[in-house]
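I am keeping these notes for someone who has not met this structure before. The sequence and the model come first, and my entries follow.

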Amino acid sequence: MHHTPHLDAQAMSLFESLPDALVAVDTGWRITALNQRAASLVQQTREEVLGKPLWETFPEALGAACEQHYQQALQTQVTVRFEVWYPSLNRWFQVTASPSHGGLVLFFQEMTRRKHEAEARWWLAALLESSDDAIIGQTLDGIITSWNAGAERLYGYRAEEALGQPIALLAPPERLDEIPRLLDLLKQERRIDQYETERMRKDGTRLAVSTMLSPIKDATGHIIGASSVARDLTERKRIEEALRERDVLVRTLLQHHPNESVTIFDPDLRLLLAEGPGLEAVGLSPQRLVGKTLAELLPPEAVDSVTPYYRRAFAGESVQFEFAFGGHVYTINAAPLPNKEGTIAAIITVAQDITTQKRAEEALRASEHLSQAILDSLTANIAVLNPAGTIIAVNEAWRRFARDNSAPGSLLVDTEVGSNYLEVCRKARGAFAEEAQEALAGILAVLHGPHPHFTLEYACHSPAEQRWFLMSATPLPAGEGAVVAHLNITERKRAEEAVRASEVRARRLLESNLIGVVVADGEHILEANEAFLEMVGYTREDLDHHRLNWSAMTPAEYAPLDQRGLQELRERGVCTPFEKEYYRKDGSRVPILIGAATLQEQPVQWACFILDISERRELERRKDEFISMASHELKTPITVLKAFSQLIQRRLEKQGMSELVQDLARMQTQLNTLTKLVNELLDVSKIQAGRLDYAQETVDLDALVHEVVELLQQTTATHTIRLSGASQAQIVGDRDRLSQVFTNLLTNAIKYSPQAKDVDVQIVLSAETVTVSVRDYGVGIPRAHQGKIFERFYRVQDYHDKTFPGLGMGLYISQQIVECHGGKLWVVSEEGQGATFSVTLPLPHTEGAAEARAAMNPR
Ligand code: ADP
């Protein structure tokens, strides 16, 4: 569309610099030019707007007022100026429409702020006039400068009569000095609020007013006058008067309303009356309250929360609301208190402290929640029935169970809150029919007496698993109904089953009588099987009469063993079997092997397993006797044989029969081996009988070890024995027996290392001991055997490729000898890696050595 710019570039650039918006239109109302300010006002670019009809960009221009003004300007060719509110821009503008070159140039001068100020002044004036209160403006000298309708009404002077007069016009003679005093206070910037005084009307009557004085300031902030707002207090005074008359009555009435308080407020929300025990309860005395405004008594939030209700009461409404304050909750009723003429100059409020009630309600609610929470936390399926059998509550478990088990006719199906459980029982069918009848009778008996409780175990096997339930009905107090619970007892049933089975097994074991079994407490044997009774020669009657006191049945020398066993029981709950003896009823002894386990802690009970080992003991005794006899029997002929062979040797040597001498020497070697074996057997039986005796002599240990090493080096061609270290120690003991120990260790070291070339012997001295160790590089000892090789006749048998001759006596004897010297013999070994046997002996000055010497059997 064509348009003619009728403003030249120079004019345009001038307009650009203006803060006001400018738009030019042609006679066809098309925009021919606009400045940046105008474009940004409508938030469009100039290009978007140019050429478009004015209405499109400024819709308000089409409005009656604008359009008329524009038309007028065009027709008359005279500039028109008007003010307009542009709602789309939310602004007031002063528009100047100037005719120019067949079009119009429009200036939009923003005037929003100015307009608002003017409006505010207008509102203020309207407010002043419409206010019921008397509002008077005055200079600081007390000359009246403004007088509103309220003032006219209150004081009876018309504005023309009052304006220019001194304000003292209104003061009664005795209060003439009051006004200058108040104005003085005001000059000192002191606010004067709710000042109650007396004034005089034009007709000379007096009236009570409450005035509020505030300063009027000029633009520079100087106080140039005062404005006073006065409110007629006559009505209030009248109420107060009336109240005083009725005071006694009111007070008496109120005293009979605990927790309540009554207050009467005037429109300023000033308390005209406050009464009631409710006030005292919160520590307020009526005397201190009357005359104060609500704002003086309560914090602002509290005032804000009650004021709207009180305003409604002043508007004629009766209101009730809850009000929380100072930890209390009140119900407040506020009602208008009209006077004879029907005007509401006061309201009356009754506050009732409902804190306790509120708390009780809350507690009840909480306890209801709690009950449900408790119900839900229970794993049993629980429903609460009212006396009619209607379900009034169920827990989560019940709900879940009823949902998951939809088997028709069961006792838990179709049971939600509201349904009648007795009906459910009556309708139960099929597998449940019989139990349901029983349940029904049981619940009825609990609901209506005479039974205080009812339980029923029933099976409810689903195709997937066997299940059992325990149903119970328990009455609620005061005949309020009953609680029905179905507890899944499948686990318990299974456990019971398992216990029964294990009991059967245990009883069988007990009754098998292969082994004595007893249950004992700290003193007595409480239960025992036949095998045990037979072992100790007591009868079942003896047992039942608590005649089996186990510690009395134990010979004194075994008491320490028993104590050790008890200690172990306390610490670990079981004790390693050990051997001891019991006195039989007839006083004879029976050797036994006993093991025990704790059955229960409080009071303590043990189960003990007892094996009669008399036969084994007898066998051992006979074996020992045999060994002892055999070794004695063998010793004599061997000694004789040795003596003869030496005799023969000497004779043959004399006769020069050297070949036979050599044969005889071989025979003697075998005889020596035999002698050694027989001696060892004898040693073993002496140790068994506690009859191995020791010499007590001073032994030079280094020399002794040297000697043994040298001797054995002579008899072995396969190994080199390397000796290191020295102790310079003198030991008190039996030289021959100690030599026997080292000989034995070295012989073993050579014997059990057939592939090795060396054996190392080391002597090490410490402060209290001397240690001799013998290290070999042979087969070693598997860990499992290391504890046992020191036992009598114990031998390691499982060497795959080789057997070693021997009877398993050497280490046993050696250990006995070392221990009798107060020392220790032990081994460190790894299978296939050789072994190190060490002998540690106490030095003579030590306690260990002294003890050993005292304990030795002197030879
Ligand atoms: P034995 O007469 O059988 O050698 P010992 O009482 O001297 O009897 O030794 C008991 C067992 O200890 C032996 O049978 C052997 O298995 C094992 N034993 C002893 N010394 C050694 C050693 N130096 N190396 C490996 N095994 C050994």
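The entries below go through the ligand, three pairs of helices and two points in the backbone.

**Entry 1, the ligand.** I began by noting that this is a predicted model, and then I looked up the surroundings of the ligand. Which residues come nearest to the ligand? Of the 20 residues around the ligand, I listed Asn748, Tyr752, Asp776, Arg795 and Leu811 as those that come nearest. For asparagine 748, I found an N or O atom of the side chain 2.8 Å from an oxygen atom of the ligand. For lysine 751, a polar side-chain atom lies 3.2 Å from an oxygen atom of the ligand. For aspartate 776, the partner is a nitrogen atom of the ligand, which is 2.8 Å from an N or O atom in the side chain.

**Entry 2, H25 and H26.** Two packed helices are described by the angle between their axes and the distance between the axes. I therefore looked up both values for helix H25, residues 701–715, and helix H26, residues 735–751, and found that their axes come within 10 Å and cross at roughly 45°. Because of that angle, H25 counts as oblique to H26. The crossing in which H25 passes H26 is right-handed. On the H25 side I noted Leu701, Leu704, Val705, Glu707, Val708, Val709 and Leu712, and these meet Arg735, Leu738, Ser739, Phe742, Thr743, Leu746 and Thr747 in H26. Sorted by class, the residues of this contact between H25 and H26 are nine nonpolar, three polar and two charged.

**Entry 3, H24 and H28.** I next took helix H24, residues 658–689, with helix H28, residues 810–820, whose axes come within 10 Å and cross at roughly 50°. H24 is therefore oblique to H28, and the crossing of H24 and H28 is left-handed. Which residues make the contact? From H24 I wrote down Glu680, Asp683, Val684, Ile687 and Gln688, and from H28 Gly810, Tyr812, Ile813 and Gln816. The contact of H24 with H28 divides into four nonpolar, three polar and two charged residues.

**Entry 4, H23 and H24.** I then looked up helix H23, residues 614–654, against H24, and found that their axes come within 8 Å and cross at roughly 155°. That angle is why I call H23 roughly antiparallel to H24. The crossing of H23 and H24 is left-handed, and their contact has 15 nonpolar, 12 polar and four charged residues.

**Entry 5, the backbone.** Most residues other than glycine have a negative phi, and most peptide bonds are trans. With that in mind, I looked up two places in loops. Glutamine 602 and proline 603 are joined by a cis peptide bond, with omega about -5°. I located proline 603 in the loop between strand S24 (589–600) and strand S25 (605–612). Histidine 546, a residue other than glycine, has a positive phi, near 55°. I found histidine 546 in the loop between helix H21 (540–544) and helix H22 (559–572).

Definitions and conventions
Residues numbered from 1 in each chain as written. Predicted model: local features only at pLDDT ≥ 70, side-chain atom pairs only at ≥ 80, totals over all residues. Heavy atoms only, no water. Axes fitted to C-alpha atoms, helices over the stretch in contact; angles between N-to-C directions. Parallel < 35°, antiparallel > 145°, perpendicular 65-115°, else oblique. Left-handed = near helix turned anticlockwise from the far one by under 90°. Contact = heavy atoms within 4.5 Å. Nonpolar A, V, L, I, M, F, W, Y, C, P; charged D, E, K, R; others polar. Near = heavy atom within 4 Å. Polar contact = N/O pair within 3.5 Å; in protein donor to acceptor, adjacent residues only side chain to side chain.
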